[in-house]
Amino acid sequence: MEDKIIYEQDIQLRVRYKETDQMGVVHHSNYPVYYEYARTELLRTKGFTYKMMEDGGVMMPVREVGMKFLTPARYDDLLTIKVKMHELKGARLRFDHEIHNQEGQLVNTGFVELVFVNATTRRPCHAPEWFANLFATE
């Protein structure tokens with residue numbers, strides 16, 4: 001059974017020169033950074049920031065990342081990152097990402113799974129109630 005998507009958004013980002021390799025292609029190490037940017041902006045649209053979470057005693061470290069490269073992105077490409085947030089499962093939260101270039105070509109797909117962790121004990125915990133409520137009506 002597939003997980004339920006509870007929120008999604010498109011975020012745009014322009015490829016900067018420093019993100020490309022000698023071939024003029026976005027270096028693979030930048031894609032997790034793009035994922036984080038999109039994830040952060042998605043949460044910001046709901047009035048949430050990671051700082052708010054950490055100030056509340058909860059952290060969200062990355063548990064797993066996976067990605068697939070389909071076509072190169074290059075310097076100055078305007079990328080659209082479609083990020084989808086899955087339904088909360090215990091202490092885990094998963095985001096799927098699709099990155100398209102300005103021609104609409106699918107460049108990259110990937111996912112990131114995070115875990116809610118108590119900042120003091122460093123043990124997994126459930127999402128704070130206020131966080132879960134942000135997406136309860138979606």
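Trainee: Buried or exposed: which word fits Y31 and Y34?

Mentor: Both are buried. That word means under 20% relative accessible area, while exposed means over 50% and partly exposed is anything in between (1.4 Å probe, protein chains only). Before we go on, this is a predicted model, so local features need pLDDT of at least 70 and side-chain atom pairs count only at pLDDT 80 or more, while totals for chains, interfaces and linings use all residues. Residues are numbered from 1 along each chain as its sequence is written, and side-chain values use heavy atoms, with hydrogens and water left out.

Trainee: What makes E8 and K82 a salt bridge?

Mentor: The rule asks for a side-chain nitrogen of Lys or Arg within 4 Å of a carboxyl oxygen of Asp or Glu. For E8 and K82 the closest N and O atoms are 3.5 Å apart, so the pair passes that 4 Å test. E8 belongs to strand β1 (residues 5–14) and K82 to strand β4 (residues 78–86), so the bridge ties together parts that are 74 residues apart in sequence. By the way, strands are DSSP runs of E with at least two residues, helices are runs of H or I with at least four, and both are numbered from the N terminus.

Trainee: How do you know whether E8 and K82 are buried or exposed?

Mentor: Check the percentages. E8 has 41% and K82 has 23%. Each value sits between the two limits, so the word is partly exposed.

Trainee: And which word fits each of R16 and E19, buried or partly exposed?

Mentor: R16, at 42%, is partly exposed, whereas E19, at 4%, is buried. Their side chains meet in a salt bridge at 2.3 Å, N to O. By this rule the count comes to ten salt bridges.

Trainee: Where do E113 and R92 fit in?

Mentor: They form a salt bridge too, with the closest N and O atoms 3.5 Å apart. E113 is in strand β6 (residues 106–115) and R92 in strand β5 (residues 92–100), so parts 21 residues apart in sequence are tied together. E113 is buried at 8%, and R92 is partly exposed at 36%. R63, E64, R92 and E113 are linked in a network of salt bridges.

Trainee: How do you know that β5 and β6 pair?

Mentor: Two strands pair if DSSP finds at least two bridges between them. Nine bridges join β5 to β6, and the two run antiparallel. Nine clears the minimum of two, so they pair. One residue facing across is D96, which stands opposite F111 in β6. The strands form a hairpin with five residues between them, and G104 in the turn has a positive phi of about 85°.

Trainee: What is the phi of R122?

Mentor: It is near 65°, a positive value in a residue other than glycine. Most residues other than glycine have a negative phi. R122 sits in the loop between β7 (117–118) and α3 (129–134) and is exposed, at 54%.

Trainee: Why is the Y17 and Y75 pair called edge-to-face?

Mentor: Rings of Phe, Tyr and Trp (its six-membered ring) pair if their centres lie within 6.5 Å; planes under 30 degrees apart are stacked, over 60 edge-to-face, and the rest tilted. Y17 and Y75 have 5.6 Å centre to centre and 85° between the planes, so both tests are met. Y17 is in the loop between β1 and α1, and Y75 in the loop between β3 and β4, 58 residues apart. Y31 and Y34 are also edge-to-face, because their centres are 5.6 Å apart and their planes at 70°. Those two lie three residues apart in helix α1, about one helical turn.

Trainee: Which residues have the most contacts inside the largest nonpolar core?

Mentor: Y34, L43, M85 and F131, in a core of 32 residues. Such a core is a set of buried Ala, Val, Leu, Ile, Met, Phe, Trp, Tyr and Cys residues joined through side-chain atoms within 4.5 Å. Helix α1 gives the most to this core, with six residues.
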